[in-house]
Amino acid sequence: MADILLGFTNVLQPMNILICLGGLFVGVLFGALPGFSATMAVAIFVPFTYVMEPGAALLLLSALYCGGVFGGSIPAVLVGIPGTPASAPTALEGKALVRKGEAGRALHHVTLSSVFGGALSAVALLICAPLLAQIAKMVGQPEQMMVAVFGLSVVIMLSEDNLFKGVMVAIISLVLATFGQDPVQGFPRFTYGFKELIGGFSVVPVLIGLFSLPEVFKMLEDPHGKMTETGTVGSMKLPLKEIFGNLINGIRSAVIGICIGIIPAAGPDIAAFMAYNEAKKASKHPEKFGSGAVEGIVASEAGNNGATGGSLIPLLTLGIPGSAPAAIFLGAMIIHGIRPGPTLFSQHASVVYTMIIGFILINLLMYIVGMIYCKFGSLILYIPKSILATTIVVLAVVGTYATSKSIFDVWVMFGAGLLGYLMQRNNFPTSPVALALLLGTNMEQSLARTLTMYEGRMLDLFSRPLFTALTLFTVFSFVYPLIKMKLRKNKKAKEAAELKEQ
Amino acid sequence: MRKTCIAIVLVLALIVSAMGIASAEGFYEGKTVEVIVPWKEGGGADVACRLILEYVKAELNCNITVINVTGGGGSIGLNQLLSGDADGMTLAYIANTDTNGNIMLDGVTYGLEDFAPVARFAADPHVIVASNASGIKNLEDLIAAGQDGKTLWGIGGAWTHWDFLKIEFEKATGTSYKRLVYDGGATAMTDIMNGDCTVATPFVSEALPALDANEAVGIAITSAERNPQLPDVPTVAELGYEGFESTMWRGFAAKAGAPEEALKEFAEAVGRACGNAEFIEKAAKAGVTVDYMGYDDFQVYFAENHEAVKAAYEANKDQ
Amino acid sequence: MKMKKSMPDVIISIVVLIFLGTLFVQVPAIPEISRGFPLGLLIIATVMTLYLLIRNLLRLKNEEAVESKVLEQAKTIVPYCLMIIAYIWLMDKLGYIISTVVFMIVSLLFLRLKNKILMIILAVALTCLLYFVFTNFLGVVLPRGKWINIAF
């Protein structure tokens with residue numbers, strides 16, 4: 001307890017608060033630019049922290065991380081282009097709300113639910129880290145594989161109106177995810193002789209193209225009339241009723257985010273999709289999803305920010321990095337002589353609690369920083385479409401180049417964008433591509449490892465309690481939406497028949 | 001009038017730029033150097049590179065940006081180095097097995113001649129660890145477990161130094177283990193801690209958290225001497241396999257044809273950084289074993305290492 | 001132009017099938033240990049695409065052709081795509097600054113921005129702003145031109 005209080009006093013020093021604010025401002029910018037991510041923000045600033053005190057260093061990195069995860073959602077709402085993959089589900093709903101002239105409302109929800117999800121995950125980090133660490137230890141390769149399959153079930157909810165095409169897109173995208181070296185022998189598969197494809201498709205360029213260029217092409221569909229047209233921001237005010245109406249949704253999504261964050265190799269992006277999926281399942285109006293459901297935004301944002309604190313739990317308690325940014329945290333902590341792992345809380349209590357309490361503060365400060373960015377960012381909507389379209393193209397090209405400094409990746413981005421546009425025109429949902437690419441590699445790797453471990457005794461897998469539970473969950477999450485859809489269709493048919501009779 | 005003005009401006013510009021060249025003390029001063037790290041952010045290679053480059057930057061008085069270009073067992077990043085200009089402004093992190101890319105990795109075309117070695121800055125040992133669940137407590141147990149070829153041995157990536165360490169160990173002790181491929185030492189450690197994997201060979205920094213907390217057993221270390229971070233873990237050599245040494249050296253290389261003067265300057269800066277007390281202290285904490293080798297020595301070592309790895313691969317590729 | 005409603009799906013299925021075919025050709029070269037996963041997915045993908053093709057071919061028979069805007073829209077989208085292609089290609093040759101300024105001006109002209117002064121100021125200002133943010137602040141060296149290069 002004394003350590004926690006000490007953490008408080010450390011965090012509340014003016015210098016540390018300034019560091020948090022600065023980190024947030026920079027982090028949000030990284031998140032908002034396509035091609036830049038929370039991971040890059042943290043990686044670039046690690047050397048700066050060498051000269052800082054350990055506590056302050058970790059606060060800066062935490063602020064960059066949280067800001068980066070949050071920042072992706074601002075362009076996701078305003079132009080329908082997620083700054084990071086973690087905001088892809090937000091884009092689905094945000095776009096529609098902006099078209100309705102409710103950008104302000106959408107942005108406020110984004111900020112509020114991000115703060116909520118992030119703060120809750122920080123509290124989880126403070127209170128139940130040791131307990132959650134035990135769960136993290138149960139997650140081995142078979143469980144990771146099942147989580148990936150479980151994640152794929154989201155495709156069903158994402159493409160409800162067009163189930164067959166959605167599943168087909170997901171399967172083909174999984175094939176695309178197998179491009180490049182296989183996980184066991186390192187043989188380059190399906191490269192067509194391109195050296196650049198030995199490592200497979202980089203996910204980020206594909207996603208930038210997939211989400212940004214179709215928006216540009218859609219603007220071009222109406223070439224003559226609309227190019228000078230601008231949008232409106234609308235009021236940012238939220239009625240209290242609307243906020244509390246989403247409370248349960250927010251808590252559920254944050255908890256999903258925390259749990260996904262704990263699992264190695266699944267981060268904020270998967271968390272956002274899963275939380276969105278569950279919100280849609282639980283919603284009274286699932287049909288509104290995709291055409292501006294606030295619930296979807298809340299779920300996605302509380303989910304992806306929930307994963308920030310979640311991914312630090314296995315890092316701090318076991319020394320296992322649960323995500324790419326967490327891996328960089330690990331490096332930075334070690335250089336400061338702080339060794340994450342079971343001994344951390346006893347040996348470096350002051351620094352750790354400074355970081356955890358700081359994590360709560362950072363998430364609260366994120367409200368202020370977030371609203372400032374939203375306010376200024378929403379000015380984008382007043383820019384005429386001709387300028388906006390041009391800027392998006394330039395940003396997508398430069399942003400993609402920034403991820404790996406390769407022109408080949410820029411071509412991949414362009415190809416993905418064109419493909420995404422053709423898909424959208426012909427009612428093929430594009431989000432399953434993102435999901436399959438994010439999950440595919442991991443799924444194959446953990447499958448290959450599981451097969452090696454359990455060679456010749458596959459049934460023993462079910463002696464792992466968590467694996468069995470996840471398998472049941474997965475089966476349920478594949479079957480449930482299908483049954484529900486069938487029921488709803490039957491009901492609609494009945495109603496239609498009754499109407500006719502009358 | 002206007003022409004005179006332009007002429008004056010031009011002459012002034014020339015003088016200024018000439019002075020600029022004259023006053024610059026080194027090739028890199030004031031410029032931005034790119035260093036490609038072909039492994040992901042936060043991994044062993046990335047941590048080591050970012051740490052040393054922070055000090056090299058100060059030595060050269062230049063700006064260094066680190067780019068992580070991942071995938072393809074490091075080949076994507078190295079291909080990117082080789083597709084650029086040989087102007088000495090782009091360098092890449094390189095380690096034991098990279099120069100044999102063309103024979104080890106299908107689809108990779110680069111080899112020894114494509115690189116201009118610059119300097120080596122570290123040589124990191126691996127720690128052989130076993131899971132608590134396995135009951136393996138020491139090297140004897142480990143050798144006993146390696147008789148039937150069914151014990152799982154987690155490595156951090158296909159056909160990098162991880163694979164060679166396994167091969168070298170098996171050869172020295174007459175054992176064989178079942179190969180299980182992970183994407184990095186940290187991931188393998190996770191499975192050691194929950195008992196799914198039996199043996200793994202992470203770097204010191206990756207093994208420390210688990211060993212501190214008795215969540216895994218440290219069997220031996222693969223360097224010639226014990227590691228200050230793990231004073232209780234014996235070396236493989238002192239346990240009866242004299243001369244056994246297998247470390248992952250870390251260095252920098254440029255594209256072949258890059259100006260030698262520049263590379264020498266960079267190598268010297270790396271050397272000075274390696275002598276910096278502050279760096280040495282930070283490196284020790286990060287589990288990086290500093291082991292500098294300058295430009296001239298590294299040229300020889302680079303070629304010898306290439307042949308050694310090639311021979312080891314040729315002898316074992318059918319495994 | 002008139003087009004039947006299921007026609008695009010038919011075309012897409014055929015293209016996807018050809019693509020999957022090119023992948024099947026490459027399968028035998030993959031080591032056996034890592035062949036199963038992609039092969040299984042490939043087979044499922046092929047079956048699904050075939051199903052989509054057949055279903056739409058059957059539908060095609062009973063459909064009336066409807067008016068489609070494809071050609072009109074293609075008139076703006078195809079040239080714009082070509083502009084982006086030229087932009088990416090030129091970026092490698094002329095470096096970031098020149099290619100981006102040129103692309104922005106051409107793009108804004110194509111999209112009929114009326115105010116020409118604003119157009120040029122915008123193109124130059126935005127290009128430079130991005131350049132400084134990326135190189136100085138984010139530590140990214142933007143493409144250096146292979147033919148000529150302007151950099152600060």
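Tutor: A residue is buried if 20 or more other C-beta atoms lie within 10 Å of its own. Keep that in mind for this predicted model.

Student: What makes helix 16 of chain A mostly covered?

Tutor: Count its buried residues. In helix 16 of chain A, 12 of 12 residues are buried. Among them are A:Pro325, A:Phe329 and A:Met333.

Student: How do you know that the span of helix 16 of chain A agrees with its 12 residues?

Tutor: The expected span is 1.5 Å times one less than the number of residues. For residues 324–335 that gives 16 Å, and the end C-alpha atoms are 17 Å apart, so the two agree. After helix 16 of chain A comes A:Gly337, with a positive phi near 80°.

Student: Why are helix 2 and helix 18 of chain A called oblique to each other?

Tutor: Look at the angle. The axes of helix 2 (residues 14–32) and helix 18 (residues 349–377) of chain A cross at roughly 55°. Roughly parallel needs an angle under 35 degrees, and roughly perpendicular runs from 65 to 115. The crossing fits neither, so the pair is oblique. The axes come within 9 Å.

Student: Which residues make the contact of helix 2 with helix 18 of chain A?

Tutor: Helix 2 of chain A brings residues including A:Leu21 and A:Phe25, and helix 18 of chain A brings residues including A:Leu361 and A:Tyr373. By class, the contact has 11 nonpolar, one polar and no charged residues.

Student: How many residues does each chain give where chain A touches chain C?

Tutor: Chain A gives 39 and chain C gives 45. Helix 19 of chain A gives the most to its side, with 11 residues.

Key
Residues are numbered from 1 along each chain as its sequence is written. Chains are lettered from A and ligands numbered from 1 in the order in which they are written. This is a predicted model: local features need pLDDT of at least 70, side-chain atom pairs count only at pLDDT 80 or more; totals for chains, interfaces and linings use all residues. Axes are lines fitted to C-alpha atoms, for helices over the stretch in contact, and angles run from 0 to 180 degrees between N-to-C directions. Helices (H or I, at least four residues) and strands (E, at least two) are DSSP runs, numbered from the N terminus. Angles under 35 degrees count as roughly parallel, over 145 as roughly antiparallel, 65 to 115 as roughly perpendicular and the rest as oblique. Two residues are in contact if their C-beta atoms, placed from the backbone, lie within 7 Å. Ala, Val, Leu, Ile, Met, Phe, Trp, Tyr, Cys and Pro count as nonpolar, Asp, Glu, Lys and Arg as charged, and the others, Gly among them, as polar.
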